[in-house]
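Visitor: I would like a close look at a single part of this model, please. Could you take me through the cysteines and then show me what surrounds them in the chain?

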Amino acid sequence: MPTPTKGARLGGGPAHERLMLANLATALFEHGRITTTEAKAKRLRPLAERLITFAKRGDLHARRRVMTVVRDKSVVHELFAEIGPRYENRPGGYTRITKVGPRKGDNAPMAVIELVEALTAKAETVREGEAATRRSAKKAPAKKAAASPAETAVAAAETAAAAAEEAADDAAEGDVEGAEQAAAEARAAADAAGAAAEVTDDPKVEEAAGEAEAFADMAEDASDEAKKSAE
Amino acid sequence: MAVPKRKMSRSNTRSRRAQWKAVAAPLATCPRCRELKLPHVACPTCGTYNGRDVLDV
């Protein structure tokens, strides 16, 4: 006994089923995407993909095999001229079925079946790279990344405070170069804290960044004063 | 042809029909618009599935 076809039986008889599937395939190749019931979409997928494989082969025999299903010559031409070459480097899986929920009139589950985009060599490498990063990201705990900006911001604020103090001391002692250097350090630390605050929405981090900024301003004022007094 | 001998009582009919119950649809949250939707089905509110536009909304 031959293995029965997977999926639902359609229509009132084998001939009716063949006609319905042929019409669905024709519509799919003509429009690129069609909305139909889930059962019909699931039956259409293997047929449509087999026809695209014929189109990739592209010879006269393949064209005649396709013509027994799709009767429209212009659709067959489009299939062989555009759709077949588009999937040159895609090893099957030319269609995508997306469920779109029940139909209004009879609550039948509907689906959109569409021809997928061409697979470029670039997209292929990108997909491989994404898969690799996903694998490595799974290993590393995600929490670390979330905690680090807050820590950097607080640390940067402390650095800025220390640098500001140094600048004030240097200014009091009349060391212009030392004060300038310390002020620059404070400014850099404040910038780092600000960058960290931009990454996260944590109010604590923003507070720390604001403090660092204030310290940097103080340090710059101190160095300016030192310069003035030296002149 | 075998046929029922007696009319089915109102009570029996109603007992049978008492088991007809509606089941609440399992719902998931759309990752795009946070609206409730059927799982594994394109979101009817924003028309996307898996980050792809599927429906015209």
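Guide: Let's start with B:Cys43, which in this predicted model has a relative accessible area of 0% and is therefore buried. Is B:Cys43 in a disulfide, and which cysteine sulfur is nearest? Across all chains the structure holds zero disulfides, and B:Cys43 is in none; the nearest cysteine sulfur belongs to B:Cys33, 3.6 Å away. As a reminder, a disulfide is a covalent bond between the sulfur atoms of two cysteines. The cut-off used here asks for a pair of cysteine sulfur atoms within 2.5 Å, so the 3.6 Å between B:Cys43 and B:Cys33 does not qualify.

B:Cys46 tells a related story. Its closest cysteine sulfur sits in B:Cys30, at 3.6 Å, and that is too far for a bond. As for cover, B:Cys46 has a relative accessible area of 22%, so this residue counts as partly exposed. The line between the two classes lies at 20%, since buried means under that value.

Now step back to the chain that carries these cysteines. Chain B has one helix and four strands, and reading along its sequence gives the pattern α-β-β-β-β. Of its 57 residues, 16% are buried, B:Cys43 being one of the buried residues. The contacts are worth a glance too: taking those in chain B between residues at least 6 apart in sequence, 0% join residues at least 24 apart.

On the outside, chain B exposes about 5,200 Å², with carbon and sulfur atoms supplying 54% of that area. Part of the surface is a nonpolar patch formed by B:Leu27, B:Leu36 and B:Leu38, which together have about 280 Å² of accessible area. To find B:Leu27, look in the loop of chain B between α1 (10-17) and β1 (28-29).

For a companion view, turn to chain A and its helix α1 (residues 14-31), where A:Glu17 is found. Because its relative accessibility is 14%, A:Glu17 counts as buried. The side chain of A:Glu17 reaches the backbone nitrogen of A:Leu10 at 2.9 Å. Leaving aside residues up to four places away in sequence, A:Glu17 touches A:Ala8, A:Arg9, A:Leu10 and A:Arg43. A:Leu10 thus appears in both descriptions of A:Glu17, as the owner of that backbone nitrogen and as a residue that A:Glu17 touches.

Methods
Residues are numbered from 1 along each chain as its sequence is written. Chains are lettered from A and ligands numbered from 1 in the order in which they are written. This is a predicted model: local features need pLDDT of at least 70, side-chain atom pairs count only at pLDDT 80 or more; totals for chains, interfaces and linings use all residues. Side-chain values use heavy atoms; hydrogens and water are left out. Helices (H or I, at least four residues) and strands (E, at least two) are DSSP runs, numbered from the N terminus. Buried means under 20% relative accessible area, exposed over 50%, partly exposed in between (1.4 Å probe, protein chains only). A polar contact is a pair of N or O atoms within 3.5 Å; within protein, one must be able to donate a hydrogen and the other to accept it, and residues adjacent in sequence count only if both atoms are side-chain atoms. Contact means heavy atoms within 4.5 Å. Patches are made of residues with over 30% relative accessible area and no salt bridge: like charges are joined within 9 Å, nonpolar side chains (Val, Leu, Ile, Met, Phe, Trp, Tyr) within 5 Å. Accessible areas come from the Shrake-Rupley method with a 1.4 Å probe; for residues, only the protein chains shown count as cover. A salt bridge is a side-chain nitrogen of Lys or Arg within 4 Å of a carboxyl oxygen of Asp or Glu.
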